[in-house]
Amino acid sequence: ESGFLSCFSTLLLNALIGLLPLFLLGLTAFGIFAVPAFLFFRGVTVGLGVSFFLWRDELWGLLHSALIYTPASGVLLLLFAVRSLVFSRYLAKAGFSAHGASLDFKLYMHDLLVFLSCAVGVSLAGSIPAAVYGAFR
């Protein structure tokens with residue numbers, strides 16, 4: 001079944017699976033190294049998924065994944081990865097400096113909520129083609 005609700009929940013879960021680990025990695029000083037590693041392995045898994053679409057549905061499957069699944073959360077993940085890298089860098093500086101840098105955890109949490117709200121909107125927008133396709137099928 002490729003209806004609206006299944007597509008929406010898949011896209012939203014995909015975005016959440018990416019945003020929440022990035023948030024947690026940004027809370028560590030190790031996040032400077034872990035965030036790029038997470039993005040690399042995330043790219044590998046997306047590449048495997050796209051190759052499966054290409055193998056199963058040929059060019060239509062590749063077009064389907066390129067237009068709906070990949071860009072839906074990819075841009076959000078990249079933008080939030082930059083934000084978590086910045087916070088992690090400031091955390092590392094605060095931990096190793098004698099004076100201590102000021103960390104604004106409240107702003108970082110606010111950014112997470114903004115990105116989660118955007119993830120809902122992007123998932124909703126990505127599900128509309130599935131609903132239109134299901135209506136004319």
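## Overall fold

The protein chain has three helices and zero strands, so reading along the sequence gives a plain α-α-α pattern. Keep in mind that this is a predicted model.

Of the chain's 137 residues, 30% count as buried. The accessible surface comes to about 8600 Å², and carbon and sulfur atoms make up 76% of that. Looking at contacts with a separation of 6 or more, 78% are between residues 24 or more positions apart.

## The nonpolar core

The largest nonpolar core holds 17 residues, and the ones touching the most other members are Leu19, Leu22, Phe23, Phe80, Tyr108, Phe115 and Ala119. Helices H1 (4-26), H2 and H3 (105-135) each chip in at least two residues. H2 gives the most, with seven.

Take Tyr108 from that list. Beyond residues up to four places away in sequence, Tyr108 touches Leu22, Phe23, Gly26, Leu27, Phe80, Arg83, Ser84 and Phe87.

## A closer look at Ser84

Ser84 turns up among those Tyr108 partners, and it sits in helix H2, which covers residues 31-96. Is Ser84 buried or exposed? Its relative accessible area is 0%, and because the cut-off for buried is under 20%, Ser84 counts as buried.

What does its side chain reach? The backbone oxygen of Ala81, at 3.0 Å. Setting aside neighbours within four places in sequence, Ser84 is in contact with Leu22, Gly26, Val35 and Tyr108. Two of these names, Leu22 and Tyr108, also appear in the core list above.

Methods
Residues numbered from 1 in each chain as written. Predicted model: local features only at pLDDT ≥ 70, side-chain atom pairs only at ≥ 80, totals over all residues. Heavy atoms only, no water. Helix = DSSP H or I, 4+ residues; strand = E, 2+ residues; numbered from the N terminus. Buried < 20%, exposed > 50% of the residue type's maximum accessible area, 1.4 Å probe, protein only. Polar contact = N/O pair within 3.5 Å; in protein donor to acceptor, adjacent residues only side chain to side chain. Contact = heavy atoms within 4.5 Å. Areas by Shrake-Rupley, 256 points an atom, 1.4 Å probe, with all protein chains shown as cover. Core = buried A, V, L, I, M, F, W, Y, C linked by side-chain atoms within 4.5 Å.
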